[in-house]
Amino acid sequence: MPHIQQLSPHVADLIAAGEVVERPASVVKELLENAIDAGATAVTVEIQNGGMSYIRVSDNGCGIAAEELPTAFLRHATSKLRTAADLGAIGTLGFRGEALAAISAVSRMSVFTRQKGADVGAALTLEGGVAGACQEAGCPEGTTMVVRDLFYNTPARLKFMKRDSAEASAVAGVVEHLSLSNPHISFQLLKDGQSVLHTPGDSKLSSAIYAAMGREFALGLVPIDGSGDGIHVQGYVTKPLCSRGNRGMQTFFVNGRYIKSQLLTAALEEAYRNQIMKGKFPGCVLHLQLPAEQVDVNVHPAKTVVKFVNERQVFSAVYHVVQDTLDGKEGAAQEAPPNPKPAAQTATPRQDFYQTMDAKTFRESYDQRPKGTAQPFVTRVPPVSSELGGRVAVSDVAKPMARPVVVAVPPPPPQEKAPVSEKAAPVTAESRIPAEGSQETVSPVKAPTVTEPHLPEEQAPLTAEQTTLTAEQEAPWRFAGEVLRTYIIAEDGENVWLIDKHAAHERINFDRLKANTEPIMGQQLLSPEAVKLPAEDYEALLAHLPLLEQFGFEAEDFGGETILIRSIPSDIDAGQIRETMEMLSEQLRTTGTADPDSARDAMLHTMACKAAIKGGWVSDPKELQVLVEKVQSGEIRYCPHGRPVAVKLTKYEIEKMFRRA
């Protein structure tokens, strides 16, 4: 057994640094929290190469005294705690006293600081945690921290860093969260010399949301403000119709600290029950204020997880405040549309062929037509068998002629007049020909008789009733109908089947896409659509642009955590672009980039889901019969996500429910 020995201070510092500093975003978070605790009203963050080579955080806070500057980089050195009792009521973001020591241990670091009112500032340089001499320096009031060559002395940690764009997105996410928790502070983020985020710092949360999360998200929010059991809940939540495809736009703060909480997520989504579509998630920016002794923030090194003394009260406060706001806004948000004017009162600038006419007026004028008027032409369309992905064609479509026909007949060649027979047929209005040179309009013209070609009996198409009867005679099951516009009912011997039409169609789409070896056909958008996403979702899509292209998506980086979509697969509706990209990003983020096959399947899952018919849609019976046939034949059993497609009820189980067995 190896001998036990004490680690050297340098190795111990490197291990401790790994608990606090995981990536460049961790460095930015710790430095920004120190700037906020110092009372800054303006903070600038600048990064290069995702923060791996250069990070600079400047603030206009209170600064650090020159004589205390070397002490600030020692472990467990802090100005925010004095006694053990202070741990029970922590009111600052940083308090451990480990951030500066951990950052300096794995980088080359410089600090410039000047207290307010001081004539001169101080500068200190550290490398690998070893500090140099403190010197006087000319610098503005506040503090500037510069971190270079992060993890230069820990190659084991360096090789696990992601691409520069991924690290930069993580940094942007940290700045966004802190700007939302401190709308009174102006935050600016510079990435490789370009400004990607700048909040006004006007103390308005709505302004910070607009700058950090985008215009579209900000316009779909409603404010909330309420209290319960000593807990104050304030912020913004999305309208039910502005829900998102994932939980990436849910942001929670407790006493000004950004946290991740399943409790708050559950309370928020419970308040939206029966007001939001299944598979959709609300977005929010919620601030909770409660006594400091009622929450423990010292349970995680990154301080993003907290524990509440009374979780039930916190859940109830969030749930009721959000629910009451949604109920109160529901009536105001859905204003009754103005009643349209009657067709007779609608002004028509052109009193000609392009006049508007409602159905009632057309029927009355059609019924009052003079006798002998030609019947409207009828277009005969042969029956078309229904397949999923298309609608059943109507066999008889009446297309009435709404305009008189002008017949231009050339004058007959000069010839001798033939003797008129006494039994010649009289000239009628329907056979009269205009005189030579006349512009007379013959209205109406009797429609010629259309004789359809005769088909051999073995090739004659079956009618819809004959097709249905034939299918029922051959199939061992019977299509019995649909309930709740979601579940198909089929009868198979003494069994009754309930089939989820969305899950069944989704499985069919998934199998078709997975077996397809040809490139997926895309549809070019008339105007590209810019989709702004959370930092992690944005990076997940950016890392899989070649994979997106294989499936019909033409996308490119638009900057500012925005993806520009130019083309989408033909199976996806143009109105579902945003939610499709949100679902794709969540699938790709969950799957990761290590396994291309898993990433491809994640893409197929999302595409199959978005292209499938939805529960609540009105479906053609022939479409439902095709789904029943696929399920009853055993071709599909589960949806791509593993949920069952059909549930069987036996005759015995049904009779037992009615106490007949």
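**Briefing: loops, helices and salt bridges**

Val-299 touches Val-305, Val-306 and Lys-307, leaving aside residues up to four places away in sequence. Its place is in the loop between strand E15 (295–296) and strand E16 (307–308), and at 37% relative accessibility Val-299 counts as partly exposed. This is a predicted model, and here's a quick tour of the rest of it.

**The whole chain**

- The protein chain has 18 helices and 25 strands.
- Of its 661 residues, 38% are buried.
- Take the contacts between residues at least 6 apart in sequence: 68% of them join residues at least 24 apart.
- About 38,500 Å² of the protein chain is exposed, and carbon and sulfur atoms supply 53% of that.

**Helix H2**

- H2 runs over residues 24–37, and its 14 residues should span 20 Å at 1.5 Å a residue; the end C-alpha atoms are 20 Å apart, so that agrees.
- This helix is mostly covered, with twelve of its 14 residues buried.
- Charged side chains sit among the buried ones too: Lys-29, Glu-30 and Glu-33 are on the list, alongside residues including Val-27, Val-28, Leu-31 and Leu-32.
- Just past the end of H2, Gly-39 has a positive phi of about 85°.

**The E8–E9 hairpin**

- Strand E8 (residues 186–191) and strand E9 (residues 194–198) run antiparallel, joined by four bridges.
- Gln-188 stands opposite His-198 in E9.
- Two residues lie between the strands of this hairpin, where Asp-192 takes a positive phi near 50°.

**E19, E20 and a nonpolar patch**

- Val-483, Leu-484, Tyr-487, Leu-498 and Val-647 make a nonpolar surface patch of about 430 Å².
- Leu-484 belongs to the loop between strand E19 (478–483) and strand E20 (487–492), and is exposed because its relative accessible area is 71%, over the 50% cut-off.
- Arg-478 and Glu-491 meet through their side chains in a salt bridge (2.9 Å, N to O).
- Arg-478 lies in E19 and Glu-491 in E20, so this pair ties together parts 13 residues apart in sequence.
- Both ends count as partly exposed: Arg-478 has a relative accessible area of 41%, and Glu-491 has 31%.

**Salt bridges around H15**

- The structure holds 20 salt bridges, and two with an end in helix H15 (residues 577–591) are picked out here.
- One is between the side chains of Glu-216 and Arg-578, at 2.5 Å from N to O.
- Glu-216 lies in helix H7 (residues 215–219) and Arg-578 in H15, so the pair ties together parts 362 residues apart in sequence.
- Glu-216 is partly exposed at 46% relative accessibility, while Arg-578 is buried, with a relative accessible area of 14%.
- Another salt bridge joins Asp-537 and Arg-589, whose closest N and O atoms are 2.7 Å apart.
- That pair links distant parts of the chain, with Asp-537 in helix H13 (residues 535–542) and Arg-589 in H15, 52 residues apart.
- Asp-537 is buried, with a relative accessible area of 1%, whereas Arg-589 counts as partly exposed at 35%.
- Elsewhere, Arg-108, Glu-127 and Asp-149 are joined into one network by salt bridges that share partners.

**A buried lysine in H16**

- Lys-610 is found in helix H16 (residues 596–611).
- With a relative accessible area of 7%, Lys-610 is buried.
- Residues up to four places away in sequence aside, Lys-610 touches Ile-572, Gln-576, Glu-579, Thr-580 and Met-583.

Notes: Residues numbered from 1 in each chain as written. Predicted model: local features only at pLDDT ≥ 70, side-chain atom pairs only at ≥ 80, totals over all residues. Heavy atoms only, no water. Patch = residues over 30% accessible without salt bridge, like charges linked within 9 Å, V, L, I, M, F, W, Y side chains within 5 Å. Areas by Shrake-Rupley, 256 points an atom, 1.4 Å probe, with all protein chains shown as cover. Salt bridge = Lys/Arg side-chain N within 4 Å of Asp/Glu carboxyl O. Buried < 20%, exposed > 50% of the residue type's maximum accessible area, 1.4 Å probe, protein only. Expected span 1.5 Å × (residues − 1). Pairing = 2+ DSSP bridges. Contact = heavy atoms within 4.5 Å.
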